[in-house]
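Please open your viewer and get ready to select residues as we go. We will take a guided tour, stop by stop.

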Amino acid sequence: MTDTTTPDPSSANDDEVVIDSAASDLVDRVLARAESRTGARVFGTAQALQDAGTIGDGSADGEQWDREERASLRRVPGLSTELEDVTEVEYRQLRLENVVLIGVYSQGSLEDAENSLRELAALAETAGAVVLDGVLQRRPHPDPATYIGRGKADELKGIVAAVGADTVIADTELAPSQRRALEDVIKVKVIDRTTVILDIFSQHAKSREGKAQVELAQLEYLLPRLRGWGESMSRQAGGQVGAGGAGMGSRGPGETKIELDRRRIRTKMAQLRKQIAGFKPAREAKRSERKRNTIPSVAIAGYTNAGKSSLLNKLTSAGVLVENALFATLDSTVRRTETADGRTYTLADTVGFVRNLPHQLVEAFRSTLEEVADADVIVHVVDAHHPDPASQIQTVRDVMGDVGARDIREIIVFNKSDLVDDDTKMVLRGLEPKAVFVSSRTGEGIEELRDVIEAALPLPEIEIRALVPYDRGELISQIHEQGHLLTRSHEEGGTLIHAHVSERLAAALEPYKVA
Ligand SMILES: Nc1nc2c(ncn2[C@@H]2O[C@H](COP(=O)(O)OP(=O)(O)OP(=O)(O)O)[C@@H](O)[C@H]2O)c(=O)[nH]1
Ligand SMILES: [Mg+2]
């Protein structure tokens, strides 16, 4: 009998009704097929990722805030911009428009929090939002009730109103109750980092598998959050029941709707899991075909926007989409290429990583990430120009550990070396002494990297000497492509070779084997 409380008029004010109906629409929208979304992207470029050019022209005036207030809610430089374009963009799940970012940092972590907030700005812009301002609050721990302190939430409300924002994005994953409590104070929509990342993924997913994976992750995120909306809805419903007469128990219409939504979501999730599982056999067949031919595989992994796709293009002229946006690549592209001595190997581009990658996404993309775990060599691309490459490297290694790729041979590549000076290179070399420096833009270091990759490739396991008749020339080409030729000489009866080859090729060479 939780709903026999007397109606609380303040719980059914206009703001809350608006938020709640938006929330229940959300269920319908997320459940609607991904295909129905429009493809146009209005705000394509992630301005916050560009440096000098855009950072520093912040024209939002700090003057309206007195010194004390500015000290308490710290503005992150470079995130304040003037409102330029208010074009509305309708997205599948969210409509991100004019946003203010909020983060919390504890003693000594200011720099990290600023980097994180800048990255959140890049994420928000990639998702299609215009970032108007970003502020940080220092406190030992996030407030369990409202994330930032209650008083700071009031200040934030003032900032939001002053810059005309309609959404606040918190640099964390908010508990459902925190989100609601913050909305109650600030009076605009509050979302979190996880929602933004899920939204970008849903905009960028192209393949059926990718779309299914993202949708599953979104529903997983949504499911526990229905309760929050459900509670306030049934409060309203309870209000009506209470006003109409006897307390009719807990089955208000709002609650029934929530139950229904939950059931629909669970059903959909089960369908998606089945669908995703359905992709597995084909993926595994492809993988085991590569294994049988012992074509070594190299996975290009790394933080989002590090330049993975650019590097793949440079190494293979693959023509993969390169964008100054986060998560431009969601589907892995696999390209064949050759070593200098003619051995074939594959290079795979992969989805980028980001700090606090929602665990739902790691789960949903497990099969894609397992491609990385299955590689013979991981080329771990790091943006040399990033302010905090060490933590990017750590983030990537954490996720790789999660999917069982910890023990795979890793080559650290500092990309964008054209953007950094020698001092920075020294520091980076101190961080990762064996790293290779390249620029996918200028081509600098690419040849060296190719050599390092080739040296890291596993050799086929069987060593063989054979005299291959001249009419079996195709076997010699196969040794070239798949094996590793140590010596070759032309004899009377054919070509005498000494090579490392795969089991399959060894079987084909068996009749010509010499001691
Ligand atoms: N100056 C410079 N810019 C680079 C270099 N390599 C890549 N970029 C730029 O960095 C941005 C990101 O490159 P991408 O190749 O899309 O990065 P990615 O790692 O594939 O990113 P996601 O797929 O979004 O995770 C683009 O704007 C590239 O033009 C480089 O060596 N030098
Ligand atoms: Mg990419």
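Here is a walk through this predicted model, from the whole chain to single residues.

**Stop 1: the whole chain**

Start with everything shown as a cartoon. You are looking at 16 helices and 14 strands. The chain has 515 residues, and 40% of them count as buried. Now think about which parts of the chain meet in space. Among contacts with a separation of 6 or more, 72% are between residues 24 or more positions apart.

**Stop 2: the largest nonpolar core**

Next, select Val99, Leu101, Ala124, Val168, Ile300 and Val413. These residues belong to the largest nonpolar core, which has 94 residues, and they touch the most other members of it. Add helix H7, residues 208-244, to your selection: H7 gives the most to this core, with eight residues.

Zoom in on Val99. Which residues does Val99 touch, if we leave out those up to four places away in sequence? They are Ala124, Ala129, Val130, Val131, Leu132, Ala165, Thr167, Val168 and Ile169.

There is also a second, separate core, made of 10 residues. To find this second core, select Ile464, Ala466, Ile479 and Val501, which are among its members.

**Stop 3: helices H3 and H6**

Now for some helix packing. Two packed helices are described by the angle between their axes and the distance between the axes. Select H3 (residues 110-127) and H6 (residues 193-204). Their axes are 9 Å apart, and the helices pack at an angle of about 40°. Because of that angle, H3 counts as oblique to H6. Turn the view and look at the crossing, which is left-handed.

Show the side chains at the contact. From H3 come Leu120, Leu123, Ala124, Thr126 and Ala127, and from H6 come Arg193, Val196, Ile197, Asp199 and Ile200. Sorted by class, this contact of H3 with H6 has seven nonpolar residues, one polar and two charged. You may recognise Ala124 from the core stop.

**Stop 4: Thr194**

Stay with helix H6 and select Thr194, which lies in it. Is Thr194 buried or exposed? Thr194 has 21 other C-beta atoms within 10 Å, so it is buried. Leaving aside neighbours within four places in sequence, Thr194 is in contact with Glu173, Tyr221 and Pro358. Try a distance label too: from the C-alpha of Thr194 to the C-alpha of Leu174 is 8.6 Å, although the two are 20 residues apart in sequence.

**Stop 5: helices H4 and H5**

Select H4 (residues 150-163) and H5 (residues 176-186). This pair packs at an angle of about 55°, again with axes 9 Å apart. That angle is why H4 is described as oblique to H5. The crossing of H4 past H5 is right-handed.

Which residues make the contact? H4 brings Ala153, Asp154, Leu156, Lys157 and Val160, while H5 brings Leu182, Val185 and Ile186. In this contact of H4 with H5 there are six nonpolar residues, two charged and no polar ones.

Now colour the buried residues of H5: Gln178, Arg179, Arg180, Ala181, Leu182 and Ile186.

**Stop 6: positive phi angles**

Most residues other than glycine have a negative phi, and most peptide bonds are trans. Here are some places to look for positive values. Step just past H5 to Lys187, where phi is positive, near 70°.

Then select Tyr147, in the loop between strand E3 (130-138) and H4. Tyr147 also has a positive phi, near 70°. With 26 other C-beta atoms within 10 Å, Tyr147 is buried.

Move on to Lys416, in the loop between strand E10 (409-415) and helix H13 (422-431). Here phi is near 65°, a positive value again. Lys416 counts as buried, as it has 22 C-beta neighbours inside 10 Å.

**Stop 7: Asp341**

Finish at Asp341, in the loop between strand E7 (333-338) and strand E8 (344-349). Why does Asp341 count as exposed? Because Asp341 has 10 C-beta neighbours inside 10 Å, and a residue with 12 or fewer is called exposed. For a last distance label, pick the C-alpha atoms of Asp341 and Glu454: they are 9.4 Å apart in space and 113 residues apart along the chain.

Note on methods:
Residues numbered from 1 in each chain as written. Chains lettered and ligands numbered in written order. Predicted model: local features only at pLDDT ≥ 70, side-chain atom pairs only at ≥ 80, totals over all residues. Axes fitted to C-alpha atoms, helices over the stretch in contact; angles between N-to-C directions. Helix = DSSP H or I, 4+ residues; strand = E, 2+ residues; numbered from the N terminus. Parallel < 35°, antiparallel > 145°, perpendicular 65-115°, else oblique. Left-handed = near helix turned anticlockwise from the far one by under 90°. Contact = placed C-beta atoms within 7 Å. Nonpolar A, V, L, I, M, F, W, Y, C, P; charged D, E, K, R; others polar. Buried ≥ 20, exposed ≤ 12 C-beta atoms within 10 Å, placed from the backbone. Core = buried A, V, L, I, M, F, W, Y, C linked by C-beta atoms within 7 Å.
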